[in-house]
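Here is a short report on one protein structure. Please keep the sequence and the 3D view open while reading.

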Amino acid sequence: MRILLPGLIGLILAGLAATVAYKSFTAQAAPTASSNDPIRLVNPRFVGRDDRGRPFVLIAASATRDPQDDLKVYLEKPALVLDDEGPDPLRVTAAKGVYHEGTRKLEVSGGVRLAGARGAFDTAESLFDTKTGELVGSGPIQGAGSLGEIQAKSYGVYDKGARMVFSGGVHTRLQPK
């Protein structure tokens, strides 16, 4: 036993050393990430304030930074909430979006929905300027609010949703209370 046990320990250590040496010589180097690979975030959350100090929150299912332009972020299923903790938050949701950090503008498209306490509106695309807090769109819009229904070819939302301007082929149906 005095000779057999130390010999067995020596064999185990030699086998372990041989295995480590074999793996280090035959192992392939792990591929390194390219510096041009886009940065991708899952469930990102961007918070900020416009020039008047009003808060906004931008969330998405995922965000991918453009490999050629670091200031451009592509968003999947973005949701923008204006004045989240205020008495009348305005929520803008879409299928996809692009946030330009340099100009602080958010472009959303694909089933854009604007919803707030005053009503809900559907449109194809919108542009939100986080500096001024204004939301504009040049595509058709339709929706319903507390006063009735409206359809137009373009629109603008100003003063945190307090003022909405519709133009181009405006059709409305007012429903008095």
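## Strands 2, 3 and 6

Strand 2 and strand 3 form a hairpin with 5 residues between them. In the turn, G53 has a positive phi of about 90°. The model is predicted, so every feature below should be read in that light.

Strand 2 covers residues 45-49 and runs antiparallel to strand 3, with 5 bridges joining the two. V47 in this pairing stands opposite V57 in strand 3. Strand 3 also runs antiparallel to strand 6, joined by 4 bridges. There, F56 stands opposite L82 in strand 6. Strand 3 thus pairs with strand 2 and with strand 6. In a regular strand, side chains alternate between the two faces of the sheet.

## Strands 12, 13 and 16

Strand 12 (residues 141-145) pairs with strand 13 (residues 148-152). The sense is antiparallel, over 4 bridges. A hairpin links the two strands through 2 residues. I141 stands opposite A152 in strand 13.

Strand 13 has another antiparallel partner in strand 16 (residues 171-174), again with 4 bridges. G148 stands opposite L174 in strand 16. A salt bridge also spans this pair of strands: E149 meets R173, with the closest N and O atoms 3.5 Å apart. E149 lies in strand 13 and R173 in strand 16, so the contact ties together parts that are 24 residues apart in sequence. E149 is partly exposed, at 38% relative accessibility. R173 is partly exposed as well, at 48%.

## The nonpolar core

The largest nonpolar core holds 24 residues. Which of them touch the most other members? They are L75, L80, V92, L106 and L114. Several strands each supply at least two residues of this core: strand 3 (55-59), strand 5 (72-76), strand 6 (79-82), strand 7 (90-93), strand 9, strand 10 (119-129), strand 13 and strand 14 (154-158). Strand 9 gives the most, with 4 residues. In soluble globular proteins, nonpolar side chains tend to be buried together.

What does L106 contact beyond its neighbours within four places in sequence? The list is L58, L75, L80, V98, Y99, S126, L127 and F128. L75 and L80 are on that list, and both are also among the core members with the most contacts to other members.

## Salt bridges

How many salt bridges does a search of the whole structure find? The count is 3. One of them joins the side chains of E101 and R65, at 2.7 Å from N to O. E101 lies in the loop between strand 8 and strand 9 (105-116), and R65 in strand 4 (residues 62-65), so the pair ties together parts that are 36 residues apart in sequence. E101 is partly exposed, with 29% relative accessibility. R65 is partly exposed too, with a relative accessible area of 23%.

Another salt bridge joins the side chains of D122 and R113, at 2.8 Å from N to O. D122 has a relative accessible area of 30% and is partly exposed. R113 counts as partly exposed at 36% relative accessibility. The E149 and R173 salt bridge, at 3.5 Å, was described above.

## H100 at the end of strand 8

H100 is found in strand 8, which covers residues 96-100. Is H100 buried or exposed? H100 is buried, because its relative accessible area is 19% and the cut-off for buried is under 20%. Leaving aside neighbours within four places in sequence, H100 is in contact with L71, K72, K105 and E107.

## A nonpolar surface patch

Nonpolar side chains also appear on the surface. L5, L8, I9, L11, I12, L13, L16 and V20 form a patch there. Together they have about 830 Å² of accessible area.

L13, one of the patch residues, is found in helix 1 (residues 4-26). L13 is exposed, because its relative accessible area is 54% and exposed means over 50%.

Technical notes: Residues numbered from 1 in each chain as written. Predicted model: local features only at pLDDT ≥ 70, side-chain atom pairs only at ≥ 80, totals over all residues. Heavy atoms only, no water. Patch = residues over 30% accessible without salt bridge, like charges linked within 9 Å, V, L, I, M, F, W, Y side chains within 5 Å. Areas by Shrake-Rupley, 256 points an atom, 1.4 Å probe, with all protein chains shown as cover. Salt bridge = Lys/Arg side-chain N within 4 Å of Asp/Glu carboxyl O. Buried < 20%, exposed > 50% of the residue type's maximum accessible area, 1.4 Å probe, protein only. Contact = heavy atoms within 4.5 Å. Pairing = 2+ DSSP bridges. Core = buried A, V, L, I, M, F, W, Y, C linked by side-chain atoms within 4.5 Å.
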